[in-house]
Amino acid sequence: MSCIFCKIVTREIPATIIAEDDYCVAFRDLHPQAATHVLVIPKEHVASLNQVTDPLLPGRLLCFARDVAAAEGIAERGYRVVLNTNADGGQTVFHLHAHVLGGKAMGWPPG
Ligand code: AMP
């Protein structure tokens, strides 16, 4: 399996992992776009939201992202959870991941 996020799950490549449960792993983004920028991924390889078949999976991912935001101390002020999907969505790594961004006020709409 050549997927870099699968290799983070199996510890074949290093990452700053901050949380893990039976289904998800959370680690710091290599190129943070905010004071807090964490990626939350399922341990199971799913290329993007388009390939999700089990509706429990995005629920678990989202709740894990919420718990990470709380642990990072950004839940009260607010944060953003983003799932970039395919080319127009800006997806560059094809293993489903939720960006958890916070620590600054963000604009809307996104670019
Ligand atoms: P996306 O553009 O939504 O596919 O986001 C992919 C994200 O993965 C980007 O924000 C990258 O900075 C991040 N990234 C890529 N490789 C790594 C890595 N080895 N460790 C941590 N973050 C990574």
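User: Where in this predicted model does Asn 86 lie?

Analyst: In this predicted model, Asn 86 belongs to helix H3, residues 86-89. Its phi is near 60 degrees, a positive value in a residue other than glycine.

User: Why is Asn 86 called partly exposed?

Analyst: The relative accessibility of Asn 86 is 33%. Buried requires a value under 20% and exposed a value over 50%. A value of 33% meets neither condition, so Asn 86 counts as partly exposed.

User: What makes Arg 11 partly exposed?

Analyst: Arg 11 has a relative accessible area of 46%. The label exposed needs over 50%, and buried needs under 20%; Arg 11 is therefore partly exposed. The residue sits in the loop between H1 and strand E1 (17-20). Arg 11 also has a positive phi, near 65 degrees, and is not glycine.

User: Why does Gln 91 count as buried?

Analyst: Its relative accessibility is 7%, and the cut-off for buried is under 20%. Gln 91 is therefore buried. The residue is found in the loop between H3 and E5.

User: How do you know that the side chain of Gln 91 reaches the backbone oxygen of Val 93?

Analyst: The distance to that oxygen of Val 93 is 3.0 Å. A polar contact is a pair of N or O atoms within 3.5 Å, so the pair with Val 93 falls inside the limit. A polar atom of the Gln 91 side chain also lies 3.0 Å from the backbone oxygen of Ala 47.

User: What makes Ser 48 buried?

Analyst: Ser 48 has 1% relative accessibility. Buried means under 20%, so Ser 48 qualifies. The loop that holds Ser 48 runs between strand E3 (36-42) and H2. A polar atom of its side chain is 3.0 Å from the backbone nitrogen of Asn 50.

User: Why is Glu 76 called exposed?

Analyst: Its relative accessible area is 80%, and exposed means over 50%. Glu 76 is therefore exposed. The residue lies in the loop between helix H2 (56-71) and strand E4 (79-82). Its C-alpha atom is separated by 21 Å from that of Gly 59, 17 residues apart along the chain.

User: What makes the peptide bond from Trp 108 to Pro 109 cis?

Analyst: Omega of the bond from Trp 108 to Pro 109 is near 0 degrees. Pro 109 is in the segment after strand E5 (98-102).

User: Which residues are closest to the ligand?

Analyst: The closest are Asp 29, Asn 84, Thr 92, His 97 and His 99, out of 16 residues that surround the ligand. By class, this shell has seven nonpolar, seven polar and two charged residues.

User: How do you know that Asp 29 makes a polar contact with the ligand?

Analyst: A polar side-chain atom of Asp 29 is 2.5 Å from a ligand oxygen. The limit is 3.5 Å, so the pair counts as a polar contact. An N or O atom in the side chain of His 97 lies 2.8 Å from an oxygen atom of the ligand, and for a backbone N or O atom of Gly 90 the distance to a ligand oxygen is 2.9 Å. The protein covers 84% of the 500 Å² of accessible area that the ligand has on its own.

User: Where does the ligand sit, and which elements give two or more residues to its shell?

Analyst: The ligand is in the largest pocket. Helix H1 (4-9) and strand E2 (24-28) are the elements that give two or more residues to the shell. H1 gives the most, with three residues.

Methods: Residues are numbered from 1 along each chain as its sequence is written. This is a predicted model: local features need pLDDT of at least 70, side-chain atom pairs count only at pLDDT 80 or more; totals for chains, interfaces and linings use all residues. Side-chain values use heavy atoms; hydrogens and water are left out. A residue is near a molecule or strand if one of its heavy atoms lies within 4 Å of it. A polar contact is a pair of N or O atoms within 3.5 Å; within protein, one must be able to donate a hydrogen and the other to accept it, and residues adjacent in sequence count only if both atoms are side-chain atoms. Accessible areas come from the Shrake-Rupley method with a 1.4 Å probe; for residues, only the protein chains shown count as cover. On a 1 Å grid over the protein atoms alone, a cavity is a set of points where a 1.4 Å probe fits but cannot get out, and a pocket is an open set with protein on both sides within 12 Å along at least five of seven lines; lining residues have an atom within 4 Å of a point. A molecule sits in a cavity or pocket if more than half of its atoms lie within 2 Å of its grid points. Helices (H or I, at least four residues) and strands (E, at least two) are DSSP runs, numbered from the N terminus. Ala, Val, Leu, Ile, Met, Phe, Trp, Tyr, Cys and Pro count as nonpolar, Asp, Glu, Lys and Arg as charged, and the others, Gly among them, as polar. Buried means under 20% relative accessible area, exposed over 50%, partly exposed in between (1.4 Å probe, protein chains only).
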